[in-house]
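Here are a few exercises to work through with the model open in your viewer. Try each task before you read its solution.

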Amino acid sequence: MATFPNPLLVSPEISRLQLAYMTVAMRDPNLVHMEDEYAKLSGLPKVIAHGTFAVSYVGAALSNIVGVNNIRRLKVDLTAPVFPGDTITVQLLDVEQEGGATSATLTAVNQSGVQVARGTAKWLTPDSR
Amino acid sequence: MAIEVGHVFPKRTFVVEPHRVAEYVTALGVPPENGWSPEVGQAVPLGFFMYVTSYGAEDVHDYLDFNLLNTVYGGTDAEFLETVRIGDVLTVAPVVSSLTVKESKGKKLTFAEITCEYINEHGRVAVRERSNTVEKVG
């Protein structure tokens with residue numbers, strides 16, 4: 001079975017400017033990503049990153065190692081908020097190969113080790129095609 | 001207006017334009033040397049489908065009518081059946097595929113699942129993406 005680097009990916013430190021870019025790009029109307037005072041009304045200490053960040057870093061991590069064309073399924077659940085200033089590290093937990101496909105569980109943690117997302121993925125094993 | 005499972009939103013057809021992928025990649029802060037330089041013909045990054053589900057989806061926000069202050073994105077479950085490339089034309093008609101209401105610690109939690117099937121120019125489902133949005137009240 002193939003061996004994989006671990007962690008798979010360490011994101012750049014997420015900035016407020018990135019949140020602004022994402023808000024505009026996604027046409028996201030939720031001010032919880034832009035205004036601290038609004039976010040505090042939700043009980044948050046400050047603005048939070050869009051869920052897109054954690055999901056995308058998990059997807060990018062997997063694509064980098066197995067190739068985007070091979071991936072058949074990606075499920076990501078968000079488990080904790082991501083804040084500006086956070087760095088996301090994506091790690092592979094378990095890998096299981098069966099026939100021509102490989103399944104894995106993944107986790108994404110912030111710089112304090114708090115899990116912000118967990119996921120499962122399935123891809124075609126390149127050597128078996 | 002009550003949310004109905006099975007509600008289908010208007011169909012929309014769009015081109016996966018390089019500049020939209022560029023906006024997404026820029027926002028993520030991922031350098032182009034990772035193979036994400038957006039050019040026609042390149043495979044679209046996986047997370048793009050969660051992102052693309054959101055743009056042009058104002059009608060979904062309006063229909064759910066969730067209070068944004070109490071709403072969080074729960075996650076995504078995507079099946080990739082065919083490779084989608086920058087420049088491809090996709091058609092999608094989002095559907096409310098599930099609605100679940102739970103009570104927890106005095107709060108009412110409403111989970112809405114929206115399923116998007118992205119159909120390519122050959123009439124085949126290329127990507128099936130289910131996203132979950134949760135509204136907490138109380």
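**Exercise 1. Work out what share of the contacts in chain A, between residues at least 6 apart in sequence, join residues at least 24 apart.**

Start with the contact rule: two residues are in contact if their C-beta atoms, placed from the backbone, lie within 7 Å. Now take the contacts in chain A between residues at least 6 apart in sequence; 62% of them join residues at least 24 apart. Run the count again on chain B and you get 75%.

Before going on, some housekeeping: this is a predicted model, where local features need pLDDT of at least 70 and side-chain atom pairs count only at pLDDT 80 or more, while totals for chains, interfaces and linings use all residues. Residues are numbered from 1 along each chain as its sequence is written, with chains lettered from A and ligands numbered from 1 in the order in which they are written.

**Exercise 2. List the secondary structure of each chain in sequence order.**

Step one is the bookkeeping: helices (H or I, at least four residues) and strands (E, at least two) are DSSP runs, numbered from the N terminus. Step two, chain A: there are 3 helices and 5 strands, in the order β-α-α-α-β-β-β-β. Step three, chain B: this one has 3 helices and 6 strands, and its pattern reads β-α-α-α-β-β-β-β-β.

While you're on chain A, check its extent too: the C-alpha trace spans about 55 × 30 × 20 Å along its principal axes.

**Exercise 3. Trace the strand pairing that involves E3 of chain A.**

Two strands pair if DSSP finds at least two bridges between them. First look at strand E1 (residues 9–10) of chain A, which is joined to strand E3 (residues 89–98) of chain A by 2 bridges and runs antiparallel to E3(A). Here A:Leu9 has A:Val90 as its bridge partner.

Next, follow E3(A) to strand E4 (residues 101–109) of chain A: again the strands are antiparallel, with 9 bridges. A:Gln91 has its bridge partner in E4(A), namely A:Thr107. Finally, look at the turn: the hairpin of E3(A) and E4(A) has 2 residues between the strands, and A:Gly99 takes a positive phi near 60° there.

**Exercise 4. Is A:His50 buried or exposed? Ask the same of B:Ile119.**

The rule is a neighbour count: a residue is buried if 20 or more other C-beta atoms lie within 10 Å of its own, exposed if 12 or fewer, and partly exposed in between. A:His50, in the loop between helix H2 (36–41) and H3 of chain A, has 25 C-beta neighbours inside 10 Å, so A:His50 counts as buried. Leaving out residues up to four places away in sequence, A:His50 touches A:Met22, A:Met26, A:Asp28 and A:His33. The C-alpha atoms of A:His50 and A:Leu19 are 7.2 Å apart, with 31 residues of separation along the chain.

B:Ile119 sits in strand E5 (residues 107–119) of chain B. B:Ile119 counts as partly exposed because its count is 17 C-beta neighbours inside 10 Å. With the same four-place exclusion, B:Ile119 touches B:Leu90, B:Thr91, B:Arg124, B:Val125 and B:Ala126.

For the chains as wholes, buried residues make up 41% of the 129 residues in chain A, and 29% of the 138 residues of chain B count as buried.

**Exercise 5. Describe the side of chain A that touches chain B.**

Count first: 32 residues of chain A are in contact with 29 residues of chain B. Then assign them: helix H1 (16–26), helix H3 (51–66) and strand E2 (71–78) of chain A each supply at least two residues of this side, and H3(A) has the largest share, 9 residues.

Last, sort by class, where Ala, Val, Leu, Ile, Met, Phe, Trp, Tyr, Cys and Pro count as nonpolar, Asp, Glu, Lys and Arg as charged, and the others, Gly among them, as polar. That side of chain A splits into 16 nonpolar, 10 polar and 6 charged residues.

The two chains also share strand pairing: E2(A) and strand E2 (residues 71–80) of chain B pair in the antiparallel sense over 5 bridges. One of the bridges puts A:Val76 opposite B:Thr76.
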